[in-house]
Amino acid sequence: MNRRLILTTLAAASVVALAGCAGPYTVSADVSSYGNWPADRKPGSYAFDRLPSQQQSDEAAKRQASLEDAARAGLEKAGFRPAADAKSADILVTLGARVTAYDPVPWDDPLWWRWRGRLFAPRYGYAAGWGGWGWRQDPFFDRRYDRAVAVLIRDRASGEALFETHASNEGMTMGSDAVIGSLFDAALAEFPKVEPKSHRVSVQATR
């Protein structure tokens, strides 16, 4: 099997995999949460609160608006409802998100046959394969992306931080708006329960 046939086969497999993902699917994330939400307090109405850095430019404001759209479903599933404006909201919500790319090097993986590097070269002497390519130029090289979101909920009247939650997962792509939305869903899935220890939460994604 030559290299072109291998690449074609992998591309076809990717199309089949994507087709199989149509409709509801499960997204898992590592979640941790903090705070002291009053036991007798209902979720109430919310408005988004942007940090100065999140509104310093049109680009930053547009990016933050996209995050807010992604988080709305998770907030409403947790029992919150949008307020008419920030002044009438019961709580203020601050959002954050990041996507970090990192490149695992060939010797990171003790199980060399796993999908973390070149299929047709030995573990060492990597630069000598396929016309002197280095491992970073290898089409089979697996770049990973760490995707994370954060939610901070504060009482609007007092400014007290009542609940903070983080969710993250990793994958081979940066992830779409739908993936970021699912991370917000996972981050808020257990509200108002607090669990600082990172644990796995799975949610069904349909968007």
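How many helices and strands does the protein chain have? In this predicted model, the chain holds three helices and seven strands. Read from the N terminus, the elements follow the pattern α-β-β-α-β-β-β-β-α-β.

## The chain as a whole

The protein chain has 207 residues, and 36% of them count as buried. Its accessible surface is about 12,100 Å², with 55% of that area belonging to carbon and sulfur atoms. Contacts that link distant parts of the sequence are frequent: among those between residues at least 6 apart, 74% join residues at least 24 apart.

## The sheet

The seven strands form an open sheet with mixed pairing, in the order 3-2-4-5-6-1-7. Strand 3 and strand 7 stand at its edges with a single partner strand each, so one side of each has no neighbour in the sheet. Strands of a sheet pair through backbone hydrogen bonds, in either a parallel or an antiparallel sense. Three of the pairings are set out below.

| Strands | Sense | Bridges |
|---|---|---|
| Strand 2 and strand 3 | parallel | two bridges |
| Strand 2 and strand 4 | parallel | three bridges |
| Strand 1 and strand 7 | antiparallel | seven bridges |

Individual residues mark these pairings. Serine 45 stands opposite arginine 81 in strand 3. The path from strand 2 to strand 3 passes through helix 2, and this β-α-β crossover is right-handed. Phenylalanine 48 faces valine 93 in strand 4, while alanine 29 stands opposite valine 201 in strand 7.

In a regular strand the side chains alternate between the two faces of the sheet. Strand 2 is covered on both faces: Ser45 and Ala47 are buried on one side, and Tyr46 and Phe48 are buried on the other.

## Two residues of the sheet

Valine 93 belongs to strand 4. Is this residue, valine 93, buried or exposed? Its relative accessibility is 0%, and valine 93 therefore counts as buried, the cut-off being under 20%. Beyond its neighbours within four places in sequence, valine 93 is in contact with Tyr46, Ala47, Phe48, Asp49, Leu75, Val151, Leu152 and Ile153. Aspartate 49 lies 44 residues away from valine 93 along the chain, yet their C-alpha atoms are separated by 5.6 Å.

Glycine 35 lies in strand 1. With a relative accessible area of 45%, glycine 35 is partly exposed. Leaving aside neighbours within four places in sequence, glycine 35 is in contact with Leu162, Phe163 and Val194. The C-alpha atoms of glycine 35 and leucine 152 are 9.6 Å apart, although 117 residues separate the two along the chain.

## Helix 2

Helix 2 has 20 residues, for which a rise of 1.5 Å a residue predicts a span of 28 Å; the end C-alpha atoms are 30 Å apart, in agreement with that expectation. Helix 2 nevertheless bends by about 35 degrees at alanine 71. Alanine 71 is itself one of the buried residues of the helix, the others being Ala60, Gln64, Leu67, Glu68, Ala70, Gly74 and Leu75. The cover over these buried residues includes strand 2, strand 4 and helix 3. After helix 2 comes glycine 79, which has a positive phi near 110 degrees.

## Helix 3 and the loop beyond it

Helix 3 covers residues 177–188. The distance from its first C-alpha to its last is 17 Å, close to the 16 Å expected for twelve residues. Why can helix 3 be called largely enclosed by the rest of the structure? The reason is that eleven of its twelve residues are buried. The buried residues are Ala178, Val179, Ile180, Gly181, Ser182, Leu183, Phe184, Asp185, Ala186, Ala187 and Leu188. They pack against helix 2 and against several strands, namely strand 1, strand 4, strand 5, strand 6 and strand 7.

The loop between helix 3 and strand 7 contains proline 192. The peptide bond that joins phenylalanine 191 to proline 192 is cis, with omega about 5 degrees.

How values were computed:
Residues numbered from 1 in each chain as written. Predicted model: local features only at pLDDT ≥ 70, side-chain atom pairs only at ≥ 80, totals over all residues. Heavy atoms only, no water. Helix = DSSP H or I, 4+ residues; strand = E, 2+ residues; numbered from the N terminus. Expected span 1.5 Å × (residues − 1). Buried < 20%, exposed > 50% of the residue type's maximum accessible area, 1.4 Å probe, protein only. Contact = heavy atoms within 4.5 Å. Areas by Shrake-Rupley, 256 points an atom, 1.4 Å probe, with all protein chains shown as cover. Bend = angle between axes of the 7 residues up to and from the residue. Pairing = 2+ DSSP bridges. Right-handed = clockwise from strand over helix to strand, strands pointing away.
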